Amino acid sequence: MQHLTISGLQWGDEGKGKIVDILAENYDVIIRFQGGHNAGHTLVIGDKVFKLSLLPSGIVRADKLCVIGNGVVINPEALHKEITTLQAGGIDINERLKIADNAALILPIHSHIETLRGQVQKIGTTARGIGPAYEDKIARRAIRICDLYDKTHLKQQITVLTDYHNIWLKGMDEPPINPQDMIDFTMQYRDLLLRHAVPIVPFLHNLAAQNKRFLFEGAQGALLDIDHGTYPFVTSSNTIAGAVAAGSGVGGNADTHPFKLGIIKAYCTRVGNGIFPSEDDGEAGDILAENGAEFGTVTGRKRRCGWLDLPLLRHTINISGIDGLLLTKLDVLDTFETINICTHYQYQGEKIDYLPNFIPDNEPLTPIYHQMQGWQTQLRGAKSISDFPQQARDFIDFIETQIQLKIMMVSTGPDRADIIISDLPDFILGDYSNQT
Ligand code: GDP
Ligand code: IMO
Ligand code: MG
(Lines give C-alpha, C1' and ligand atoms only; values in the text may rest on other atoms or scores of the structure.)
(Ligands and ions follow the chains in the order given, each with its own letter.)
Protein backbone atom coordinates (compact mmCIF):
# COMPACT_ATOMS: atom_id res chain seq x y z
CA MET A 1 0.00 0.00 0.00
CA GLN A 2 2.71 2.39 -0.98
CA HIS A 3 1.95 6.09 -1.33
CA LEU A 4 3.33 8.25 -4.14
CA THR A 5 4.98 11.67 -4.21
CA ILE A 6 5.22 13.68 -7.41
CA SER A 7 7.60 16.62 -7.32
CA GLY A 8 9.36 18.89 -9.80
CA LEU A 9 13.14 18.68 -10.16
CA GLN A 10 13.78 21.99 -11.91
CA TRP A 11 12.43 25.53 -11.31
CA GLY A 12 8.75 24.57 -11.40
CA ASP A 13 6.28 24.25 -14.27
CA GLU A 14 7.61 20.82 -15.22
CA GLY A 15 4.08 19.58 -15.86
CA LYS A 16 3.36 18.22 -12.37
CA GLY A 17 -0.36 19.01 -12.56
CA LYS A 18 -0.85 17.00 -15.73
CA ILE A 19 0.97 13.97 -14.29
CA VAL A 20 -0.83 14.16 -10.94
CA ASP A 21 -4.13 14.27 -12.82
CA ILE A 22 -3.23 11.12 -14.76
CA LEU A 23 -1.90 9.10 -11.85
CA ALA A 24 -4.63 10.28 -9.47
CA GLU A 25 -6.80 7.70 -11.22
CA ASN A 26 -5.09 5.05 -9.07
CA TYR A 27 -5.03 6.89 -5.75
CA ASP A 28 -7.73 7.69 -3.18
CA VAL A 29 -6.49 10.92 -1.63
CA ILE A 30 -4.52 13.69 -3.37
CA ILE A 31 -2.61 15.92 -0.95
CA ARG A 32 -0.78 19.25 -1.36
CA PHE A 33 1.95 19.64 1.26
CA GLN A 34 3.71 23.00 0.63
CA GLY A 35 3.55 26.27 -1.29
CA GLY A 36 0.42 28.25 -1.87
CA HIS A 37 -1.35 30.01 -4.71
CA ASN A 38 2.03 30.85 -6.25
CA ALA A 39 1.65 27.42 -7.91
CA GLY A 40 -0.08 27.15 -11.27
CA HIS A 41 -0.93 23.65 -12.44
CA THR A 42 -2.62 23.32 -15.83
CA LEU A 43 -4.65 20.27 -16.79
CA VAL A 44 -5.89 19.75 -20.32
CA ILE A 45 -8.61 17.14 -20.62
CA GLY A 46 -10.02 17.09 -24.13
CA ASP A 47 -11.56 20.49 -24.75
CA LYS A 48 -11.45 21.46 -21.06
CA VAL A 49 -8.58 23.37 -19.45
CA PHE A 50 -8.27 23.63 -15.66
CA LYS A 51 -5.81 26.00 -13.98
CA LEU A 52 -5.28 25.09 -10.34
CA SER A 53 -3.25 26.98 -7.76
CA LEU A 54 -4.29 25.82 -4.31
CA LEU A 55 -6.53 22.85 -4.91
CA PRO A 56 -4.86 19.51 -5.52
CA SER A 57 -5.04 18.40 -9.17
CA GLY A 58 -7.12 15.37 -8.13
CA ILE A 59 -10.09 17.72 -7.67
CA VAL A 60 -11.20 17.32 -11.30
CA ARG A 61 -11.88 13.62 -10.73
CA ALA A 62 -15.29 13.29 -9.08
CA ASP A 63 -14.36 10.32 -6.86
CA LYS A 64 -11.17 11.72 -5.32
CA LEU A 65 -10.72 13.17 -1.87
CA CYS A 66 -8.40 16.18 -1.88
CA VAL A 67 -6.47 17.56 1.06
CA ILE A 68 -4.57 20.80 1.55
CA GLY A 69 -1.89 20.00 4.10
CA ASN A 70 -0.59 22.06 7.00
CA GLY A 71 2.56 22.92 5.02
CA VAL A 72 0.54 24.99 2.56
CA VAL A 73 -0.05 28.72 3.19
CA ILE A 74 -3.64 29.55 2.34
CA ASN A 75 -5.07 32.80 1.05
CA PRO A 76 -8.79 32.35 1.84
CA GLU A 77 -9.85 34.74 -0.91
CA ALA A 78 -7.84 32.82 -3.54
CA LEU A 79 -9.27 29.56 -2.18
CA HIS A 80 -12.80 30.91 -2.44
CA LYS A 81 -12.23 32.09 -6.03
CA GLU A 82 -10.76 28.79 -7.13
CA ILE A 83 -13.59 26.78 -5.60
CA THR A 84 -16.20 29.10 -7.12
CA THR A 85 -14.63 28.89 -10.59
CA LEU A 86 -14.45 25.12 -10.50
CA GLN A 87 -17.99 24.78 -9.19
CA ALA A 88 -19.22 27.06 -11.97
CA GLY A 89 -17.55 24.63 -14.37
CA GLY A 90 -19.55 21.75 -12.92
CA ILE A 91 -16.96 20.31 -10.52
CA ASP A 92 -18.52 19.39 -7.20
CA ILE A 93 -16.14 20.07 -4.33
CA ASN A 94 -17.98 20.28 -1.03
CA GLU A 95 -17.40 16.94 0.65
CA ARG A 96 -14.22 16.20 -1.27
CA LEU A 97 -12.03 18.99 0.05
CA LYS A 98 -10.40 18.90 3.46
CA ILE A 99 -7.96 21.48 4.80
CA ALA A 100 -5.53 21.01 7.68
CA ASP A 101 -6.74 23.19 10.54
CA ASN A 102 -3.14 23.91 11.52
CA ALA A 103 -2.33 25.46 8.12
CA ALA A 104 -1.26 29.13 8.23
CA LEU A 105 -3.19 31.85 6.41
CA ILE A 106 -2.00 34.43 3.92
CA LEU A 107 -3.66 37.75 4.76
CA PRO A 108 -3.71 40.92 2.60
CA ILE A 109 -0.95 42.33 4.81
CA HIS A 110 1.46 39.76 3.36
CA SER A 111 1.29 40.72 -0.31
CA HIS A 112 1.32 44.40 0.77
CA ILE A 113 4.60 43.92 2.65
CA GLU A 114 6.10 41.86 -0.18
CA THR A 115 5.40 44.63 -2.66
CA LEU A 116 6.70 47.40 -0.35
CA ARG A 117 9.95 45.50 0.22
CA GLY A 118 10.56 45.35 -3.53
CA GLN A 119 10.76 41.54 -3.51
CA VAL A 120 8.50 41.30 -6.51
CA GLN A 121 11.18 43.11 -8.55
CA LYS A 122 14.32 41.83 -6.80
CA ILE A 123 13.47 38.12 -6.63
CA GLY A 124 10.77 38.11 -9.25
CA THR A 125 8.23 36.65 -6.83
CA THR A 126 4.62 36.01 -7.75
CA ALA A 127 3.51 38.86 -5.41
CA ARG A 128 1.13 36.50 -3.64
CA GLY A 129 2.46 37.16 -0.13
CA ILE A 130 4.03 33.71 0.07
CA GLY A 131 7.36 34.79 1.61
CA PRO A 132 5.94 37.09 4.30
CA ALA A 133 3.31 34.48 5.23
CA TYR A 134 5.96 31.79 5.76
CA GLU A 135 8.06 34.31 7.71
CA ASP A 136 5.17 34.86 10.12
CA LYS A 137 4.74 31.11 10.44
CA ILE A 138 8.41 30.56 11.30
CA ALA A 139 8.30 33.52 13.71
CA ARG A 140 5.30 31.86 15.46
CA ARG A 141 2.87 34.71 14.97
CA ALA A 142 0.90 33.36 11.96
CA ILE A 143 -2.87 33.04 12.02
CA ARG A 144 -3.79 29.40 11.57
CA ILE A 145 -7.20 28.07 10.62
CA CYS A 146 -7.68 26.66 14.14
CA ASP A 147 -7.42 30.23 15.48
CA LEU A 148 -10.77 30.85 13.79
CA TYR A 149 -12.57 28.41 16.12
CA ASP A 150 -12.69 31.12 18.84
CA LYS A 151 -13.48 34.65 17.64
CA THR A 152 -12.07 36.44 20.73
CA HIS A 153 -8.83 34.51 20.45
CA LEU A 154 -8.67 35.28 16.71
CA LYS A 155 -8.98 39.01 17.30
CA GLN A 156 -6.17 38.91 19.86
CA GLN A 157 -3.89 36.97 17.52
CA ILE A 158 -4.53 39.33 14.61
CA THR A 159 -3.79 42.36 16.79
CA VAL A 160 -0.44 40.81 17.82
CA LEU A 161 0.34 40.28 14.13
CA THR A 162 -0.59 43.78 12.97
CA ASP A 163 1.19 45.39 15.95
CA TYR A 164 4.37 43.65 14.85
CA HIS A 165 4.11 44.68 11.19
CA ASN A 166 3.02 48.23 11.99
CA ILE A 167 6.40 48.95 13.61
CA TRP A 168 8.10 48.32 10.26
CA LEU A 169 5.40 50.15 8.29
CA LYS A 170 5.87 53.19 10.52
CA GLY A 171 9.62 53.10 9.85
CA MET A 172 8.85 53.07 6.13
CA ASP A 173 6.49 56.06 6.50
CA GLU A 174 3.65 53.86 5.37
CA PRO A 175 0.17 54.02 6.90
CA PRO A 176 -0.42 51.33 9.56
CA ILE A 177 -2.60 48.32 8.97
CA ASN A 178 -5.89 48.49 10.84
CA PRO A 179 -6.30 45.18 12.69
CA GLN A 180 -10.05 45.42 12.19
CA ASP A 181 -9.54 45.18 8.40
CA MET A 182 -7.63 41.90 8.84
CA ILE A 183 -10.26 40.63 11.29
CA ASP A 184 -13.06 41.48 8.82
CA PHE A 185 -11.17 39.79 5.98
CA THR A 186 -10.64 36.63 8.00
CA MET A 187 -14.21 36.56 9.31
CA GLN A 188 -15.52 36.87 5.76
CA TYR A 189 -14.00 33.46 4.96
CA ARG A 190 -14.43 31.84 8.39
CA ASP A 191 -17.39 29.66 7.41
CA LEU A 192 -15.69 28.49 4.24
CA LEU A 193 -12.46 27.58 6.02
CA LEU A 194 -14.14 25.86 8.96
CA ARG A 195 -16.47 23.90 6.68
CA HIS A 196 -13.46 22.13 5.19
CA ALA A 197 -11.13 22.13 8.23
CA VAL A 198 -9.92 18.85 9.74
CA PRO A 199 -7.25 17.87 12.26
CA ILE A 200 -5.02 16.51 9.51
CA VAL A 201 -2.99 13.95 11.45
CA PRO A 202 -5.86 11.79 12.80
CA PHE A 203 -7.80 12.44 9.60
CA LEU A 204 -5.14 11.09 7.25
CA HIS A 205 -3.99 8.32 9.56
CA ASN A 206 -7.56 7.01 9.85
CA LEU A 207 -7.70 6.87 6.07
CA ALA A 208 -4.34 5.14 5.93
CA ALA A 209 -5.66 2.55 8.40
CA GLN A 210 -8.45 1.87 5.88
CA ASN A 211 -5.75 1.18 3.26
CA LYS A 212 -6.46 4.37 1.32
CA ARG A 213 -3.68 5.32 -1.07
CA PHE A 214 -2.19 8.82 -0.95
CA LEU A 215 -0.72 10.82 -3.81
CA PHE A 216 1.30 13.82 -2.62
CA GLU A 217 1.40 16.66 -5.15
CA GLY A 218 4.44 18.92 -5.04
CA ALA A 219 4.35 22.56 -6.04
CA GLN A 220 7.26 24.57 -7.46
CA GLY A 221 10.46 22.63 -8.12
CA ALA A 222 13.49 21.47 -6.12
CA LEU A 223 15.66 24.33 -7.45
CA LEU A 224 13.24 26.75 -5.75
CA ASP A 225 13.63 24.95 -2.40
CA ILE A 226 14.41 27.38 0.44
CA ASP A 227 17.37 25.26 1.65
CA HIS A 228 18.70 23.54 -1.44
CA GLY A 229 17.57 25.77 -4.29
CA THR A 230 19.30 28.66 -6.01
CA TYR A 231 19.11 30.92 -2.92
CA PRO A 232 18.05 33.72 -2.55
CA PHE A 233 16.11 33.34 -5.79
CA VAL A 234 13.86 30.66 -4.37
CA THR A 235 10.41 30.36 -2.87
CA SER A 236 9.91 30.27 0.90
CA SER A 237 9.02 26.62 1.45
CA ASN A 238 10.83 23.31 1.21
CA THR A 239 9.70 22.10 -2.19
CA ILE A 240 11.53 18.79 -2.23
CA ALA A 241 9.76 15.44 -1.89
CA GLY A 242 11.08 15.12 1.66
CA ALA A 243 8.78 17.96 2.73
CA VAL A 244 5.79 15.60 2.62
CA ALA A 245 6.13 14.45 6.24
CA ALA A 246 6.35 17.98 7.67
CA GLY A 247 3.67 19.36 5.35
CA SER A 248 1.04 16.67 5.83
CA GLY A 249 1.89 14.74 8.98
CA VAL A 250 2.31 11.50 7.04
CA GLY A 251 5.77 10.07 7.58
CA GLY A 252 5.12 6.63 6.15
CA ASN A 253 6.57 3.44 7.57
CA ALA A 254 8.50 0.71 5.78
CA ASP A 255 5.36 -0.43 3.92
CA THR A 256 3.81 2.93 3.12
CA HIS A 257 6.65 5.43 2.69
CA PRO A 258 6.01 7.29 -0.54
CA PHE A 259 7.61 6.21 -3.79
CA LYS A 260 9.13 9.40 -5.21
CA LEU A 261 8.63 10.26 -8.84
CA GLY A 262 10.57 13.28 -10.08
CA ILE A 263 9.25 15.30 -13.00
CA ILE A 264 11.70 16.78 -15.48
CA LYS A 265 11.01 18.85 -18.53
CA ALA A 266 13.10 17.97 -21.61
CA TYR A 267 14.64 21.45 -21.30
CA CYS A 268 14.64 24.09 -18.55
CA THR A 269 12.49 27.10 -17.77
CA ARG A 270 12.53 29.62 -14.98
CA VAL A 271 10.16 32.44 -14.05
CA GLY A 272 11.69 35.23 -12.02
CA ASN A 273 15.32 36.13 -11.38
CA GLY A 274 18.37 34.08 -10.42
CA ILE A 275 21.07 31.91 -11.92
CA PHE A 276 20.20 29.82 -14.97
CA PRO A 277 23.47 28.45 -16.40
CA SER A 278 21.97 26.82 -19.51
CA GLU A 279 19.63 29.73 -20.35
CA ASP A 280 19.45 30.50 -24.05
CA ASP A 281 18.37 34.07 -24.63
CA GLY A 282 18.77 33.72 -28.38
CA GLU A 283 16.83 31.96 -31.10
CA ALA A 284 16.78 28.53 -29.46
CA GLY A 285 15.28 29.98 -26.27
CA ASP A 286 12.60 31.72 -28.30
CA ILE A 287 11.71 28.51 -30.11
CA LEU A 288 11.49 26.60 -26.81
CA ALA A 289 9.21 29.32 -25.42
CA GLU A 290 7.01 29.29 -28.48
CA ASN A 291 6.80 25.50 -28.97
CA GLY A 292 6.26 24.98 -25.23
CA ALA A 293 3.85 27.93 -24.75
CA GLU A 294 6.08 29.00 -21.87
CA PHE A 295 4.03 31.70 -20.21
CA GLY A 296 3.38 31.56 -16.45
CA THR A 297 -0.01 30.20 -15.36
CA VAL A 298 -0.12 32.49 -12.31
CA THR A 299 1.38 35.78 -13.46
CA GLY A 300 1.35 35.41 -17.26
CA ARG A 301 5.09 36.24 -17.36
CA LYS A 302 7.18 34.82 -20.22
CA ARG A 303 9.30 32.02 -18.81
CA ARG A 304 13.05 32.13 -19.41
CA CYS A 305 14.10 29.08 -21.44
CA GLY A 306 17.26 27.03 -21.88
CA TRP A 307 18.64 23.53 -22.24
CA LEU A 308 18.38 20.53 -19.94
CA ASP A 309 20.96 20.81 -17.15
CA LEU A 310 22.27 17.50 -15.78
CA PRO A 311 24.47 18.81 -12.91
CA LEU A 312 21.39 20.52 -11.49
CA LEU A 313 19.31 17.37 -11.94
CA ARG A 314 21.86 15.22 -10.13
CA HIS A 315 21.68 17.70 -7.25
CA THR A 316 17.88 17.74 -7.03
CA ILE A 317 17.60 13.97 -7.44
CA ASN A 318 19.99 13.45 -4.56
CA ILE A 319 18.28 15.83 -2.17
CA SER A 320 14.82 14.57 -3.08
CA GLY A 321 15.70 10.86 -2.96
CA ILE A 322 14.03 10.26 -6.31
CA ASP A 323 13.11 6.66 -7.25
CA GLY A 324 12.12 7.23 -10.88
CA LEU A 325 11.82 9.97 -13.48
CA LEU A 326 9.07 11.27 -15.67
CA LEU A 327 10.03 13.26 -18.76
CA THR A 328 7.59 15.92 -19.95
CA LYS A 329 7.34 18.24 -22.96
CA LEU A 330 9.62 16.11 -25.14
CA ASP A 331 7.49 17.19 -28.11
CA VAL A 332 8.70 20.77 -27.62
CA LEU A 333 12.09 19.66 -29.02
CA ASP A 334 10.46 18.22 -32.18
CA THR A 335 11.63 20.99 -34.51
CA PHE A 336 15.29 21.25 -33.46
CA GLU A 337 18.05 20.08 -35.78
CA THR A 338 20.44 19.81 -32.85
CA ILE A 339 19.68 19.65 -29.13
CA ASN A 340 22.02 20.61 -26.29
CA ILE A 341 22.28 18.95 -22.90
CA CYS A 342 24.48 20.57 -20.27
CA THR A 343 26.68 17.90 -18.66
CA HIS A 344 29.24 20.03 -16.77
CA TYR A 345 30.30 23.59 -16.11
CA GLN A 346 33.59 25.38 -16.71
CA TYR A 347 34.33 27.29 -13.52
CA GLN A 348 37.55 28.97 -12.35
CA GLY A 349 39.55 27.02 -14.94
CA GLU A 350 38.09 23.65 -13.93
CA LYS A 351 35.44 21.32 -15.32
CA ILE A 352 32.94 20.70 -12.54
CA ASP A 353 29.68 18.75 -12.33
CA TYR A 354 27.89 20.65 -9.55
CA LEU A 355 26.53 24.15 -9.00
CA PRO A 356 28.76 26.14 -6.62
CA ASN A 357 26.81 28.01 -3.95
CA PHE A 358 28.73 31.21 -4.60
CA ILE A 359 29.67 32.45 -8.05
CA PRO A 360 31.48 35.81 -8.14
CA ASP A 361 30.22 38.22 -10.81
CA ASN A 362 33.60 38.34 -12.52
CA GLU A 363 33.95 34.53 -12.70
CA PRO A 364 30.93 33.28 -14.59
CA LEU A 365 29.95 29.68 -14.87
CA THR A 366 30.01 28.38 -18.44
CA PRO A 367 27.87 25.38 -19.37
CA ILE A 368 29.55 22.55 -21.28
CA TYR A 369 27.13 20.93 -23.69
CA HIS A 370 26.75 17.49 -25.17
CA GLN A 371 25.17 18.06 -28.55
CA MET A 372 22.66 15.57 -29.93
CA GLN A 373 20.90 15.26 -33.23
CA GLY A 374 17.24 16.26 -33.20
CA TRP A 375 14.50 14.00 -34.59
CA GLN A 376 12.54 16.68 -36.48
CA THR A 377 9.37 14.61 -36.45
CA GLN A 378 6.18 14.99 -34.42
CA LEU A 379 6.27 12.77 -31.32
CA ARG A 380 2.71 13.50 -30.23
CA GLY A 381 0.51 10.53 -31.02
CA ALA A 382 3.23 7.88 -30.49
CA LYS A 383 1.92 5.03 -28.34
CA SER A 384 5.22 3.73 -27.04
CA ILE A 385 8.84 4.79 -26.84
CA SER A 386 9.68 2.15 -29.43
CA ASP A 387 7.57 4.22 -31.88
CA PHE A 388 9.91 7.19 -31.38
CA PRO A 389 12.61 7.96 -33.93
CA GLN A 390 16.09 6.73 -32.93
CA GLN A 391 17.27 10.28 -32.08
CA ALA A 392 14.49 10.69 -29.49
CA ARG A 393 15.31 7.29 -27.98
CA ASP A 394 18.99 8.30 -27.88
CA PHE A 395 18.01 11.47 -26.01
CA ILE A 396 16.15 9.43 -23.38
CA ASP A 397 18.97 6.86 -23.13
CA PHE A 398 21.54 9.60 -22.67
CA ILE A 399 19.65 11.11 -19.74
CA GLU A 400 19.08 7.71 -18.12
CA THR A 401 22.75 6.79 -18.45
CA GLN A 402 23.99 10.11 -17.13
CA ILE A 403 21.54 10.28 -14.23
CA GLN A 404 21.40 6.54 -13.49
CA LEU A 405 17.63 6.52 -13.09
CA LYS A 406 14.82 5.15 -15.23
CA ILE A 407 12.49 7.42 -17.18
CA MET A 408 9.20 5.71 -16.37
CA MET A 409 6.79 7.91 -18.31
CA VAL A 410 7.11 10.35 -21.21
CA SER A 411 4.68 13.16 -21.95
CA THR A 412 4.34 14.30 -25.57
CA GLY A 413 1.67 17.01 -25.38
CA PRO A 414 -0.51 18.97 -22.92
CA ASP A 415 -3.53 16.67 -23.07
CA ARG A 416 -4.20 13.94 -20.53
CA ALA A 417 -4.06 11.48 -23.45
CA ASP A 418 -0.56 12.55 -24.58
CA ILE A 419 1.30 10.16 -22.31
CA ILE A 420 3.47 7.10 -22.71
CA ILE A 421 4.03 4.78 -19.82
CA SER A 422 7.23 2.88 -20.27
CA ASP A 423 8.41 1.47 -17.01
CA LEU A 424 6.18 2.37 -14.06
CA PRO A 425 6.05 -0.08 -11.15
CA ASP A 426 2.77 -2.05 -11.12
CA PHE A 427 1.69 -0.68 -7.76
CA ILE A 428 1.54 2.85 -9.22
CA LEU A 429 -0.30 1.83 -12.34
CA GLY A 430 -3.21 0.06 -10.74
CA ASP A 431 -5.86 -0.35 -13.41
CA TYR A 432 -4.54 2.50 -15.50
CA SER A 433 -2.46 0.14 -17.62
CA ASN A 434 -5.69 -1.41 -18.91
CA GLN A 435 -6.95 1.91 -20.18
CA THR A 436 -4.11 2.82 -22.54
P1 GDP B 1 3.23 22.52 -13.26
O2 GDP B 1 3.29 23.82 -12.53
O3 GDP B 1 4.44 21.67 -13.04
O4 GDP B 1 1.96 21.76 -13.04
O5 GDP B 1 3.27 22.90 -14.82
P6 GDP B 1 2.40 24.04 -15.53
O7 GDP B 1 1.02 23.51 -15.68
O8 GDP B 1 2.59 25.35 -14.87
O9 GDP B 1 3.15 24.16 -16.91
C10 GDP B 1 3.23 23.10 -17.81
C11 GDP B 1 2.54 23.54 -19.11
O12 GDP B 1 2.90 22.66 -20.14
C13 GDP B 1 1.02 23.50 -19.04
O14 GDP B 1 0.49 24.48 -19.87
C15 GDP B 1 0.69 22.11 -19.55
O16 GDP B 1 -0.60 22.05 -20.17
C17 GDP B 1 1.77 21.92 -20.59
N18 GDP B 1 2.24 20.55 -20.77
C19 GDP B 1 2.34 19.55 -19.84
N20 GDP B 1 2.95 18.47 -20.38
C21 GDP B 1 3.22 18.79 -21.66
C22 GDP B 1 3.86 18.10 -22.73
O23 GDP B 1 4.32 16.97 -22.60
N24 GDP B 1 3.99 18.77 -23.91
C25 GDP B 1 3.52 20.04 -24.11
N26 GDP B 1 3.70 20.61 -25.28
N27 GDP B 1 2.90 20.72 -23.12
C28 GDP B 1 2.77 20.10 -21.91
P1 IMO C 1 4.48 25.60 -9.96
O2 IMO C 1 3.85 24.81 -8.84
C3 IMO C 1 7.48 28.42 -11.36
C4 IMO C 1 8.98 31.30 -8.44
C5 IMO C 1 8.67 32.77 -8.70
C6 IMO C 1 9.90 33.43 -8.11
C7 IMO C 1 10.22 32.54 -6.90
C8 IMO C 1 9.70 33.11 -5.58
O9 IMO C 1 3.50 26.09 -10.95
O10 IMO C 1 5.63 24.87 -10.55
P11 IMO C 1 7.24 33.28 -4.55
O12 IMO C 1 6.05 34.03 -5.02
O13 IMO C 1 7.05 31.81 -4.41
O14 IMO C 1 7.86 33.87 -3.31
O15 IMO C 1 8.34 33.51 -5.72
O16 IMO C 1 9.60 31.30 -7.15
N17 IMO C 1 7.82 30.39 -8.40
C18 IMO C 1 7.50 29.56 -9.38
N19 IMO C 1 8.06 29.38 -10.60
N20 IMO C 1 6.46 27.63 -10.96
C21 IMO C 1 5.93 27.78 -9.74
O22 IMO C 1 5.01 26.93 -9.23
C23 IMO C 1 6.42 28.80 -8.89
N24 IMO C 1 6.10 29.24 -7.65
C25 IMO C 1 6.97 30.20 -7.36
O26 IMO C 1 8.51 33.03 -10.07
O27 IMO C 1 10.99 33.30 -9.00
MG1 MG D 1 3.14 25.86 -12.93
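These questions and answers walk through a predicted model, from its sheet to its two ligands.

Visitor: What is the strand order of the open sheet of ten strands?
Guide: Pairing in this sheet is mixed. Strands of a sheet pair through backbone hydrogen bonds, either parallel or antiparallel. The order is β9-β7-β5-β2-β10-β1-β11-β14-β18-β19.

Visitor: Which strands stand at the edges?
Guide: Look for a strand with a single partner. One side of such a strand has no neighbour in the sheet, so it marks an edge. The two are β9 (197-198) and β19 (419-421).

Visitor: Do β1 and β10 run parallel or antiparallel, and what stands opposite L4 in β10?
Guide: Strand β1 covers residues 4-8, and β10 covers residues 214-221. Four bridges join them, and they run parallel. Opposite L4 stands L215.

Visitor: Are Y267, C268, T269 and R270 of strand β12 buried or exposed?
Guide: Y267 and T269 lie on one side of β12. C268 and R270 lie on the other. Both faces are covered, and these four residues are all buried.

Visitor: What is the bridge partner of Y267 in β13?
Guide: Strand β13 spans residues 304-309. Four bridges join β12 to β13, and the two run antiparallel. The partner of Y267 is W307.

Visitor: Which pocket holds ligand 1?
Guide: Ligand 1 has 19 residues around it; among the closest are K16 and D331. An oxygen atom of ligand 1 is 2.8 Å from an N or O atom in the side chain of K329. The protein covers 93% of the 580 Å² of accessible area that ligand 1 has on its own. Ligand 1 sits in the second largest pocket.

Visitor: Which elements give two or more residues to the shell around ligand 1?
Guide: One element is a helix, and the other is a strand. The helix covers 16-24 and the strand 41-45. They are α1 and β3.

Visitor: How much of the area of ligand 2 does the protein bury?
Guide: Around ligand 2 there are 20 residues, and T126 and T235 are among those that come nearest. A polar side-chain atom of H41 lies 2.7 Å from an oxygen atom of ligand 2. Taken alone, ligand 2 exposes 540 Å². The protein buries 97% of that.

Visitor: What space does ligand 2 take?
Guide: A polar backbone atom of D13 is 2.8 Å from an oxygen atom of ligand 2. For a polar backbone atom of G40, the distance to an oxygen atom of ligand 2 is 2.9 Å. The space ligand 2 takes is the largest pocket.

How values were computed: Residues are numbered from 1 along each chain as its sequence is written. Chains are lettered from A and ligands numbered from 1 in the order in which they are written. This is a predicted model: local features need pLDDT of at least 70, side-chain atom pairs count only at pLDDT 80 or more; totals for chains, interfaces and linings use all residues. Side-chain values use heavy atoms; hydrogens and water are left out. Buried means under 20% relative accessible area, exposed over 50%, partly exposed in between (1.4 Å probe, protein chains only). Two strands pair if DSSP finds at least two bridges between them. A residue is near a molecule or strand if one of its heavy atoms lies within 4 Å of it. A polar contact is a pair of N or O atoms within 3.5 Å; within protein, one must be able to donate a hydrogen and the other to accept it, and residues adjacent in sequence count only if both atoms are side-chain atoms. Accessible areas come from the Shrake-Rupley method with a 1.4 Å probe; for residues, only the protein chains shown count as cover. On a 1 Å grid over the protein atoms alone, a cavity is a set of points where a 1.4 Å probe fits but cannot get out, and a pocket is an open set with protein on both sides within 12 Å along at least five of seven lines; lining residues have an atom within 4 Å of a point. A molecule sits in a cavity or pocket if more than half of its atoms lie within 2 Å of its grid points.
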